[in-house]
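Trainee: I'd like to learn how to read a structure like this one. Could we go through it together?

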Amino acid sequence: MPSYTLIGSSLLSKPYILNQSLAHEILHQYFGSSISNVQGKGNWLEGLTTYLADDYLKKLQSRDVLNRKTVLSQFQTYINSNNDFSIKDFEYRVDKQSMLIGYSKFSHVMFMLENKLGNEKFRHLIKEFYLTNQNKNLSLKEFGGFFEKNTKVDLKTFFKQWFEQTGMIDFSVENMKTHFDNKGFWVSFDVLQNKNNFFVFDLPVSIQTYDKTLRKVIAIHKPKQKVKLNFNSEVLSLNFDDKYTLFRTLSQREKLLSMMAGGEELDKLEVELKEMNRISS
Ligand SMILES: [Zn+2]
């Protein structure tokens with residue numbers, strides 16, 4: 001149902017209103033007032049608004065990477081199998097847990113969707129979504145359906161696992177090996193996930209070789225996935241998802257490093273190849 005928001009003059013000058021809430025409320029004029037959700041069919045308004053307003057402001061202030069890491073850390077701390085629920089069951093914010101799921105996790109899902117579609121396509125689709133759905137109430141299924149209909153990228157699994165499943169990606173990298181042959185330098189490893197908490201995702205890896213830093217994206221689609229990469233020069237280190245682009249658990253090392261640095265240090269899930277088993281052939 002179309003509506004509007006009023007903010008009183010005594011509140012309007014407060015820093016938290018100007019720096020965050022005002023942008024959030026302005027976005028709600030589009031998603032909340034003009035287009036709304038369907039009661040009992042999933043609330044997509046808060047997560048989308050948080051992504052387009054609050055998280056966009058953090059990006060402008062270069063605080064986006066740290067913000068994502070903070071959200072991941074909080075989710076890991078406050079959400080467990082007893083209080084977790086899927087995004088499709090979010091209706092309103094009633095406590096810290098529901099805020100972390102309906103606002104923060106949903107917003108991170110939008111960030112992953114933008115990465116999947118590309119910035120331009122995502123921005124174009126958000127505009128289209130607004131222009132074609134004004135004065136309507138849409139369920140969470142219809143919200144996801146709009147993106148599925150208007151892109152060639154297959155989003156069925158993406159929305160199913162992020163809207164209907166609970167939890168976060170929890171992967172480990174094991175069995176790391178390097179070797180050299182007449183085709184160049186090889187690095188192989190396994191990416192492991194528990195079958196009962198399995199996600200399909202694109203894993204970004206930053207690779208430091210003697211020559212340069214390279215970035216690769218590995219499509220993960222199995223609970224135990226073997227990966228083998230080839231390089232022209234020797235690999236010194238690998239960093240997995242160093243910009244916290246995935247909605248995933250933080251490693252013990254990532255958590256400890258940020259505690260030691262007072263939460264300011266942007267550390268990495270880094271594997272030093274020097275420490276690992278080398279095989280020469
Ligand atoms: Zn809101």
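Mentor: Sure, here come some questions and answers about this chain, and keep in mind that the model is predicted.

Trainee: How many helices and strands does the chain have?

Mentor: Both kinds of element turn up here, and their counts match. The chain has 9 helices and 9 strands.

Trainee: What does the radius of gyration say about how compact the chain is?

Mentor: For 281 residues the globule rule gives 19 Å. The chain comes out at 21 Å, which is close, so it is as compact as a globular protein of that length.

Trainee: Which helix gives the largest share of the largest nonpolar core?

Mentor: That core has 43 residues, and Leu48, Ile87, Val109, Met110 and Trp162 are the ones with the most contacts inside it. Several elements supply at least two residues each, including helix 3 (45-60), helix 5 (96-117) and strand 4 (184-193). The largest share is 8 residues, and it comes from helix 5.

Trainee: Val109 was on that list. Which residues is Val109 in contact with, leaving aside its neighbours within four places in sequence?

Mentor: Trp162, another of the core residues with the most contacts, is one of the partners of Val109. With the sequence neighbours set aside, the full set for Val109 is Gly47, Trp162 and Phe247.

Trainee: How far apart are the centres of domain 1 and domain 2?

Mentor: The domain assignment gives domain 1 as 9-168 + 260-279 and domain 2 as 171-241. The largest core draws at least three residues from each of them. Taken over C-alpha atoms, the separation of the two centres is 27 Å.

Trainee: Where does helix 2 bend?

Mentor: Start with its length: the 16 residues of helix 2 (residues 15-30) should span 22 Å at 1.5 Å a residue, and the end C-alpha atoms are 23 Å apart, which agrees. Helix 2 is followed by Gly32, with a positive phi near 145°. The bend is about 50°, and its place is Ser21.

Trainee: Is Asn135 buried or exposed?

Mentor: Asn135 sits in the loop between helix 6 (119-133) and strand 2 (137-138). Its phi is positive, near 65°, even though it isn't a glycine. Asn135 has 10 C-beta neighbours inside 10 Å, and a residue with 12 or fewer counts as exposed.

Trainee: What about Asn175: buried, partly exposed or exposed?

Mentor: Asn175 lies in strand 3 (residues 171-181), and it too has a positive phi, about 60°, without being a glycine. With 14 other C-beta atoms within 10 Å, Asn175 is partly exposed.

How values were computed: Residues are numbered from 1 along each chain as its sequence is written. This is a predicted model: local features need pLDDT of at least 70, side-chain atom pairs count only at pLDDT 80 or more; totals for chains, interfaces and linings use all residues. Helices (H or I, at least four residues) and strands (E, at least two) are DSSP runs, numbered from the N terminus. The expected span of a helix is 1.5 Å times one less than its number of residues. The bend at a residue is the angle between axes fitted to the seven residues ending there and the seven starting there. The radius of gyration is taken over C-alpha atoms; the globule rule is 2.2 Å times the number of residues to the power 0.38. A nonpolar core is a set of buried Ala, Val, Leu, Ile, Met, Phe, Trp, Tyr and Cys residues joined through C-beta atoms within 7 Å. A residue is buried if 20 or more other C-beta atoms lie within 10 Å of its own, exposed if 12 or fewer, and partly exposed in between; C-beta atoms are placed from the backbone. Domain bounds come from an automatic or database domain assignment. Two residues are in contact if their C-beta atoms, placed from the backbone, lie within 7 Å.
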